[in-house]
Amino acid sequence: MRNFDSLSEREILALAIALEEEDERIYADFAEGLRQDFAASAGIFDGMKAEESSHRRRLLELFREKFGDHIPLLRRQDVRGFVHRKPVWLIRPLGLETVRSQASAMEVEARSFYEKAADRAEDPRLRQLLDDLAQEERSHQDRAEELERDKLGPDVKHKEDEASRRLFVLQIVQPGLAGLMDGSVSTLAPVFAAAFATHNTRDAFVVGLAASIGAGISMGFAEALSDDGSLTGRGHPWVRGSICGLMTALGGIGHTLPFLIPDFRVAMTAAMLVVVIELGIISWVRHRYMETSAVSAVLQVGLGGILVFATGVLIGSA
């Protein structure tokens, strides 16, 4: 990698052109990724793409006047000091807050680059252009706010926020809740059946651990293979499957860990307390994100938990 201080004016100008081209294409990808679910926000990034295109055109004109048509290949990753960007623009569907945060970071980095480049430029025209671009990058936040006011009225922004929330529920909350419910409830029977049958905390822990991990793997694959998300909007299948599988295993391991306590009565009391906490968390999530009334959520989750728990106790005590 090259140090920035070692770059010539020709290389600085070539790097600036490459940066503007890359940012223009990223904004275009932002717009395309948001267009289906957040059309108004996509329009904002269309406007920012046009601004980056204008910057690149001015840089190209000056480069051709000073150095000719051949532009050396010099990219962000070839020069020390640039921030490594995660390719969030490749994720579908895009999240509004993620995209806006990334765009803000891009503008700050571009402004810093132009300020440092202008300090090193000796040619008056080049220095003037770099100073102008630094000022324009500094004002891009105001420009973005203007675009947001033009394209995102209160009603539109409210609708986009609601759409963003629905995507979050579809892609994160639903698979996570399904896994947590399955792990917390379905593993109650084998764990407590083993505990009451053997009165041995180690045996109960081994059964609970096996049941939790097995259920996590099973639920993870079942969720991932249920649909590819292309029509339902539920996101990447393996992301959903990972979330569902992880939460399933976590739900079962939660009331399994107390059986690491050697004393059977203490372990059983702690496990029952954990079960109550788990069912309370599931009820809160259902109430918070699934628009279920608090009473209904507690009754539904509590009834299921009690029935499965009673099944394990009866079988283990038989």
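These questions and answers walk through two parts of a predicted model.

Visitor: How far does helix 8 reach from its first C-alpha to its last?
Guide: Helix 8 covers residues 201-226, which is 26 residues. At 1.5 Å a residue, 38 Å is expected. The model comes close to that, with a reach of 37 Å.

Visitor: Which backbone nitrogen does a side-chain oxygen of Asn 200 reach at the start of helix 8?
Guide: Look at the start of the helix. The oxygen of the Asn 200 side chain comes to within 2.9 Å of its partner. That partner is the backbone nitrogen of Arg 202.

Visitor: Is Ser 212 buried or exposed?
Guide: Ser 212 sits in helix 8. Buried means under 20% relative accessible area. Ser 212 has a relative accessible area of 0%, so Ser 212 is buried.

Visitor: Which residues is Ser 212 in contact with, leaving aside neighbours within four places in sequence?
Guide: Ser 212 is one of the buried residues of helix 8, with Gly 208 and Ala 215 also among them. Beyond its sequence neighbours, Ser 212 is in contact with Thr 187, Ala 249, Gly 252, Ile 253 and Thr 256.

Visitor: How does helix 2 run relative to helix 4, roughly parallel or roughly antiparallel?
Guide: The axes of helix 2 (residues 39-67) and helix 4 (residues 124-138) come within 11 Å. They cross at roughly 175 degrees. Angles over 145 degrees count as roughly antiparallel. Therefore helix 2 is, to helix 4, roughly antiparallel.

Visitor: How many charged residues does the contact of helix 2 with helix 4 have?
Guide: Helix 2 contributes residues including Glu 52 and Arg 58, and helix 4 residues including Arg 125 and Asp 132. By class, the contact has 5 nonpolar residues and 1 polar residue. The charged residues number 7.

Notes. Residues numbered from 1 in each chain as written. Predicted model: local features only at pLDDT ≥ 70, side-chain atom pairs only at ≥ 80, totals over all residues. Heavy atoms only, no water. Helix = DSSP H or I, 4+ residues; strand = E, 2+ residues; numbered from the N terminus. Expected span 1.5 Å × (residues − 1). Buried < 20%, exposed > 50% of the residue type's maximum accessible area, 1.4 Å probe, protein only. Polar contact = N/O pair within 3.5 Å; in protein donor to acceptor, adjacent residues only side chain to side chain. Contact = heavy atoms within 4.5 Å. Axes fitted to C-alpha atoms, helices over the stretch in contact; angles between N-to-C directions. Parallel < 35°, antiparallel > 145°, perpendicular 65-115°, else oblique. Nonpolar A, V, L, I, M, F, W, Y, C, P; charged D, E, K, R; others polar.
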